[in-house]
Amino acid sequence: MAEIEWKGIIWKAAYGDLSIKDLLTILKGHGPMEVLRFRKPGAFWGELSVSLTPQGTKEITIYHLEVEGPKRCGQGRRALLCLKTIFRGEVFVEDPGRVIRVANADQASLPFWIKMHLEGIIDALESEHVSLSHDSPREKVERLLREMTQKPTVGQGDVKNAGEGKSQTAERSG
């Protein structure tokens, strides 16, 4: 399986096999939409797709994002900013809870994703529990974040650290 280092990150096809030329074409937003795996050693890894809109801008859809290392606070934000800078396009997150496959990860990680939406780092969020777009009123999004961080629901676990780069995945695998 071909892989390439591009802009400090190692890229390869998530499913199937792509040539280096195909990988570069997709990364530049000119190829067919494919799911790619990426890894910035010692920093973060995950899966995303890149597509070109009819207006000629790039859209990045993140299916999975995991940060690495002992000092994780703020690394999720830096990872998103790095990807947004590389692709210079809109960043969407598609149901992070279902893709990560950790018990209650969607509930525990939603405050982080909502914060990233409020900060303008991601442009849209689609999950089983929340749907946010460019048109979502800021006041509504802020209220949702307050509700999620102040009133944990049964089975939600400790959301106090959600959005600070601390995930159940790292605790279980570490």
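Buried means under 20% relative accessible area. Keep that cut-off at hand as you work through these exercises on a predicted model.

**Exercise 1. Decide whether Trp-6, Trp-11 and Phe-87 are buried or exposed.**

Step 1: Take Trp-6. Its relative accessible area is 13%, and the cut-off for buried is under 20%, so Trp-6 is buried.

Step 2: Move to Trp-11. With 0% relative accessibility, this residue counts as buried too.

Step 3: Finish with Phe-87, which is buried just as Trp-6 is.

**Exercise 2. Classify the ring pairs that Trp-6 makes with Trp-11 and with Phe-87.**

Step 1: Recall what you need. A pair of aromatic rings is described by the distance of the centres and the angle of the planes.

Step 2: There are 6 aromatic pairs in the structure. For Trp-6 and Trp-11, the ring centres lie 6.4 Å apart and the planes meet at 65°. Planes over 60 degrees apart count as edge-to-face, so this pair is edge-to-face.

Step 3: For Trp-6 and Phe-87, the centres are 5.9 Å apart and the planes are at 45°, so the pair is tilted.

Step 4: Now place that second pair on the chain. Trp-6 belongs to strand E1 and Phe-87 to helix H2 (residues 75-87); they are 81 residues apart, so the pair links distant parts of the chain.

Step 5: Put the rings together. Trp-6, Trp-11, Phe-38, Phe-44 and Phe-87 form one aromatic cluster.

**Exercise 3. Find which residues have the most contacts inside the largest nonpolar core.**

Step 1: Look at the core, which has 41 residues.

Step 2: Pick out the residues with the most contacts inside it: Trp-11, Phe-44 and Phe-87.

Step 3: Follow one of them outward. Leaving aside residues up to four places away in sequence, Phe-44 touches several residues, among them Ile-9, Phe-38, Leu-65, Val-67 and Leu-83.

**Exercise 4. Work out the order of the strands in the sheet, and which strands stand at its edges.**

Step 1: Trace the order. The 8 strands run E1-E2-E3-E4-E5-E6-E7-E8 in an open sheet with mixed pairing.

Step 2: Find the edges. Strand E1 (3-6) and strand E8 (131-132) each have a single partner strand, so one side of each lacks a neighbour in the sheet.

Step 3: Add the helix. Helix H1 (residues 20-27) packs on the sheet, touching strands including E1 and E2 (9-13), and its direction makes about 45° with that of E1.

Step 4: Check one pairing. Strand E6 (residues 90-94) and strand E7 (residues 124-126) are parallel, with 3 bridges, and Val-93 stands opposite Leu-125 in E7.

Conventions
Residues numbered from 1 in each chain as written. Predicted model: local features only at pLDDT ≥ 70, side-chain atom pairs only at ≥ 80, totals over all residues. Heavy atoms only, no water. Pairing = 2+ DSSP bridges. Helix = DSSP H or I, 4+ residues; strand = E, 2+ residues; numbered from the N terminus. Contact = heavy atoms within 4.5 Å. Axes fitted to C-alpha atoms, helices over the stretch in contact; angles between N-to-C directions. Core = buried A, V, L, I, M, F, W, Y, C linked by side-chain atoms within 4.5 Å. Buried < 20%, exposed > 50% of the residue type's maximum accessible area, 1.4 Å probe, protein only. Phe/Tyr/Trp six-rings, centres within 6.5 Å; stacked < 30°, edge-to-face > 60°.
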